[in-house]
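Visitor: I'd like a close look at a single part of this protein, and then how that part fits with what surrounds it. Please keep it informal and pick one good spot to start from.

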Amino acid sequence: MKKGIAILAALLLSACAGSQRTRVGAEMILPPMAPQMKMQTQELFLMASHLNPDVLPDYPAELLADGPENATVCAELVVDENGAVAWTAPLRGGPQCPPEALPALAPFERAVEQAVRRWEFTAAAVCTFPPGVEKNEDCAGEGVVEKAVPLRMAFVFEFSRSERRGRFSGTSGR
């Protein structure tokens with residue numbers, strides 16, 4: 001009987017025990033003071049396209065037990081002419097980003113850097129259309145020159161952690 005009560009108590013306690021649930025979201029933002037490319041009339045800019053946006057950083061494992069419920073970090077990156085991330089660094093300042101380096105955010109910044117380095121893009125490009133060829137989003141046409149160009153981008157990452165508590169209900173009969 002005591003063994004049965006102990007097992008029941010363990011089951012009830014495990015049902016009440018918290019489990020961690022985390023979420024991470026990423027959104028592209030305009031880098032502060034980003035230079036804008038000046039296009040000639042016969043040129044068209046093609047934005048880099050993110051090929052694996054489902055690759056996101058994980059909430060740092062070492063902070064799961066007692067880390068912040070919410071953390072925001074930003075990263076700046078350069079996508080090279082082949083669509084690979086050539087450089088990345090934490091971005092500070094601006095309306096959505098932390099204003100300075102904070103030790104509490106360092107694990108989140110490392111997680112972001114590890115994930116961003118695995119990102120892949122189609123390269124950004126500038127298409128130059130010769131006279132008489134109408135501009136189009138495919139850079140198609142006779143004599144059209146498409147030149148891949150590096151691109152500076154920035155993203156804000158929102159981390160959240162919540163504790164879920166199990167619930168149980170029971171009825172007693174007499």
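Guide: Let's start at the link between cysteine 127 and cysteine 139, which is right-handed, with 85° about the S-S bond. Cysteine 127 sits in strand β7 and cysteine 139 in the loop between β7 and β8, so the link ties together parts of the chain that are 12 residues apart in sequence. Here a disulfide is any pair of cysteine sulfur atoms within 2.5 Å, and this one has an S to S distance of 1.5 Å.

Some ground rules before going on. This is a predicted model: local features need pLDDT of at least 70, and side-chain atom pairs count only at pLDDT 80 or more, while totals for chains, interfaces and linings use all residues. Residues are numbered from 1 along each chain as its sequence is written, and side-chain values use heavy atoms, leaving out hydrogens and water.

Back to the link. Both ends are tucked away: cysteine 127 is buried at 0% relative accessibility, and cysteine 139 is buried too, with a relative accessible area of 10%. (Buried means under 20% relative accessible area, exposed over 50%, and partly exposed in between, using a 1.4 Å probe and protein chains only.)

Now follow the strand that holds cysteine 127. Strand β7 (residues 124-128) pairs with β2 in the antiparallel sense over four bridges, and within that pairing valine 126 of β7 is the bridge partner of phenylalanine 45. As for terms, helices (H or I, at least four residues) and strands (E, at least two) are DSSP runs numbered from the N terminus, and two strands pair if DSSP finds at least two bridges between them.

Zoom out and you get an open, antiparallel sheet of three strands in the order β2-β7-β8. The edges are β2 (43-46) and β8 (145-149), each with a single partner strand, so one side of each has no neighbour in the sheet. On average, neighbouring strands here are turned by 20° against each other, direction ignored. (The axes are lines fitted to C-alpha atoms, for helices over the stretch in contact, and angles between N-to-C directions run from 0 to 180 degrees.)

How does our link compare with the rest of the cysteine chemistry? The whole structure holds two disulfides, and they follow the pattern 1-2, 3-4 when bonded cysteines are counted along the chain. The other link joins cysteine 74 to cysteine 97, with S to S 2.1 Å. Its S-S torsion is about -95°, so that disulfide is left-handed. It connects distant parts of the chain, with cysteine 74 in strand β4 (residues 70-79) and cysteine 97 in the loop between β5 (85-91) and α2, 23 residues apart. Cysteine 74 and cysteine 97 are both buried.

That loop takes us to helix α2 (residues 106-116), the home of alanine 111. Alanine 111 is buried, with 13% relative accessible area. Leaving aside residues up to four places away in sequence, alanine 111 touches Pro57 and Asp58, where contact means heavy atoms within 4.5 Å. Proline 57 is 54 residues from alanine 111 in sequence, yet their C-alpha atoms are 5.3 Å apart.

So, to recap the starting point: β7 carries cysteine 127, and β7 also pairs with β2.
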